[in-house]
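Open the model in your viewer and get your selection tool ready. We'll go from stop to stop, and at each one you'll hear what to pick and what is there.

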Number of protein chains: 2
Amino acid sequence: MDEQSILAKLPRQHPNLLLGIGDDCAIFRPSADEDLVFTTDLFLEGVHFERTQAPDRAGRRALVRSLSDIAAMGAMPRFCLVSLVIPEWADETWIAAFYDGLLQLANETNTALAGGDLSHGAQFTADVMVCGAVPKGKALRRDGGRPGDAIYVSGELGGWRHRADPKPRLDFGQSLIGKATACIDISDGLSMDLRRLCLASNVSAVLDGIPMLPGATFSEAVHDGEDYELLFTAPEGLQLGFRIGTIREGNPGAVFFEGTLLEPKGYDHFRHRT
Amino acid sequence: MDEQSILAKLPRQHPNLLLGIGDDCAIFRPSADEDLVFTTDLFLEGVHFERTQAPDRAGRRALVRSLSDIAAMGAMPRFCLVSLVIPEWADETWIAAFYDGLLQLANETNTALAGGDLSHGAQFTADVMVCGAVPKGKALRRDGGRPGDAIYVSGELGGWRHRADPKPRLDFGQSLIGKATACIDISDGLSMDLRRLCLASNVSAVLDGIPMLPGATFSEAVHDGEDYELLFTAPEGLQLGFRIGTIREGNPGAVFFEGTLLEPKGYDHFRHRT
């Protein structure tokens with residue numbers, strides 16, 4: 001197995017991608033009426049997944065993290081770069097299945113694989129960079145929430161453990177352009193991601209209630225990550241998703257529920273280090 | 001030390017970068033007359049560097065790999081995304097010094113730090129993605145070498161061990177636009193990278209001689225990587241760099257020196273796995 005033979009098997013697509021895998025760089029020709037958005041997410045054995053997990057599901061989860069960030073900007077994906085650190089235990093069959101899962105989601109979302117890098121190493125690591133495009137000046141940011149805005153989520157929360165095939169909310173995110181004042185994806189739990197939106201917007205939040213999937217506990221719905229739903233603010237009256245609360249002035253970053261401060265307990269990979 | 005406090009310290013620049021660190025994605029507004037080029041390179045403890053190395057030098061080397069790919073396309077860098085996997089041994093001081101070295105080179109080359117990701121893990125790993133820009137349709141590729149073209153390198157080879165501050169040949173690469181027929185950077189050794197250029201161009205090469213740095217052996221000059229000089233082909237008579245040979249028809253990928261086939265012995269991180 002060498003790098004060229006692995007990469008040669010993988011599909012490439014998208015009309016704006018002039019050159020994909022096989023040169024020093026990929027070449028992309030931007031459209032004049034679009035801004036580009038970029039995100040990259042790490043996915044490590046023992047941190048974000050366990051090697052006992054099905055490899056195709058792991059591959060899908062490695063990509064969905066970045067695609068969900070693209071959705072949160074109101075953008076649509078164009079291409080990705082995938083860097084893999086491959087340990088001894090990950091044989092060709094495992095790596096092929098990992099790519100299968102990743103590429104299945106890439107194909108579903110029209111995300112071309114434009115390149116990447118490979119190395120051997122001690123711990124399986126994927127770093128997945130996705131470039132997306134959004135109409136010029138229309139990207140949804142975290143910092144636009146205003147006092148009086150209503151707070152919404154794109155779907156019911158707390159069900160990520162039951163989802164074999166997490167899906168990024170790309171169409172939903174695109175539908176928020178020109179309507180939402182701020183948007184973030186729920187990758188680390190509602191409590192933590194709402195805090196981040198409020199900090200960026202210099203506001204606080206009061207929650208009224210959370211739409212929960214059947215069987216989910218309140219704690220799962222509020223604190224668990226990987227739901228990959230979108231959390232957004234907009235003037236009252238928007239008929240999209242579920243209304244869960246209101247943006248208030250002052251106390252930047254604070255989130256209140258039933259009169260008390262909701263502690264952010266979502267998963268912060270870095271905070272958990274120490 | 002948390003992710004936001006690390007990232008908040010880092011500079012951001014470049015007028016086309018509308019939004020850098022701190023949202024779900026960075027936002028970049030492309031110029032209408034440019035194509036964008038993208039590359040990403042892994043940099044692992046025990047594979048690409050040793051933890052006994054000075055951390056600022058390691059940081060510089062982690063970035064120069066990708067910048068050299070940008071130079072090989074004739075492009076200039078715009079921004080980078082830096083993902084780090086941080087093991088227990090790498091304390092705040094080490095990480096700060098690593099960023100210092102990386103950002104010093106980023107500043108020298110007008111490369112904005114637009115984002116990234118952080119995780120803890122067993123083995124220090126950096127994955128550095130760089131986006132560059134090149135006039136529309138002018139990017140230098142590997143596949144344009146033609147029989148009869150002369151082969152050139154941008155500088156003397158074999159000296160990487162002595163270079164504390166490797167520099168990407170960005171200005172040199174830019175000067176090749178409209179002149180070179182094919183270009184690649186020498187990151188894995190002349191013998192291997194010339195083979196790659198010849199394979200992509202469906203041609204072979206005959207070498208006449210190699211410009212060597214004082215003290216370098218022939219083997220170092222021909223096979224060692226990390227020189228980060230550019231290797232390119234052009235019609236005879238170009239007054240740039242050093243002429244080292246000629247492109248020939250047939251035997252795709254073969255490189256001849258003094259009548260015999262030169263085996264590619266450069267460093268292939270993936271080939272060395274097994």
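Start by selecting V206(B) and F256(B): F256(B), in β12(B), is the bridge partner of V206(B). Now widen the selection to the strands β9 (residues 204–207) and β12 (residues 255–257) of chain B, which run parallel and are joined by three bridges. Strands and helices here are DSSP runs, numbered from the N terminus: helices are H or I with at least four residues, strands are E with at least two. Two strands pair if DSSP finds at least two bridges between them.

Before you click on, a word about what you're looking at. This is a predicted model, where local features need pLDDT of at least 70 and side-chain atom pairs count only at pLDDT 80 or more, while totals for chains, interfaces and linings use all residues. Residues are numbered from 1 along each chain as its sequence is written, and chains are lettered from A and ligands numbered from 1 in the order in which they are written.

**Stop 1: the seven-stranded sheet**

Color the strands β8-β10-β7-β11-β9-β12-β13 of chain B: in that order they form an open sheet with mixed pairing. β8 and β13 of chain B are at the edges with a single partner strand each, so one side of each has no neighbour in the sheet.

Next, show helix α5 (residues 190–201) of chain B, which packs on the sheet and touches β8, β9, β10 and β12 of chain B. Its direction makes about 145 degrees with that of β8(B). Then add α2(B), which lies across β8 and β10 of chain B and runs at about 170 degrees to β8(B). For such angles, axes are lines fitted to C-alpha atoms (for helices, over the stretch in contact), and angles run from 0 to 180 degrees between N-to-C directions.

**Stop 2: two residues to compare**

Is T260(B) buried or exposed? T260(B) has 7 C-beta neighbours inside 10 Å, so it counts as exposed. You'll find T260(B) in strand β13 (residues 260–261) of chain B. Draw a line from T260(B) to L105(B): their C-alpha atoms are 40 Å apart, with their positions 155 residues apart in sequence.

Now jump to D227(B), in the loop between α6 (218–223) and β10 (230–234) of chain B. D227(B) counts as buried because it has 30 C-beta neighbours inside 10 Å. The rule: 20 or more other C-beta atoms within 10 Å of a residue's own means buried, 12 or fewer means exposed, and in between is partly exposed, with C-beta atoms placed from the backbone.

**Stop 3: a sheet made by both chains**

Select β1(A)-β2(A)-β3(B)-β6(B)-β4(B)-β5(B), an open sheet of six strands with mixed pairing. Its edge strands are β1 (17–19) of chain A and β5 of chain B, each pairing on one side only.

Where do the chains join in this sheet? Strand β2 (residues 26–28) of chain A and β3(B) run antiparallel, joined by three bridges. Click I27(A) and you'll see it opposite V37(B) in β3(B); F28(A) has L36(B) as its bridge partner. Bring back α2(B) too: α2(B) lies across β3, β4 and β6 of chain B, at about 150 degrees to β3(B).

**Stop 4: where the chains meet**

Show both chains whole. In all, 55 residues of chain B are in contact with 55 residues of chain A (contact means C-beta atoms, placed from the backbone, within 7 Å). β3(B) gives the most to chain B's side, with nine residues. The copies meet through the same surface, because 100% of the interface residues of chain B are also interface residues in chain A.

**Stop 5: inside chain A**

Finish with strand β5 (residues 112–120) of chain A: eight of its nine residues are buried, so the strand is largely enclosed by the rest of the structure. Strand β4 (residues 76–86) of chain A runs parallel to β5(A), with eight bridges joining them. One pair to click is L84(A) with its bridge partner L118(A) in β5(A).

Terms used:
Contact = placed C-beta atoms within 7 Å.
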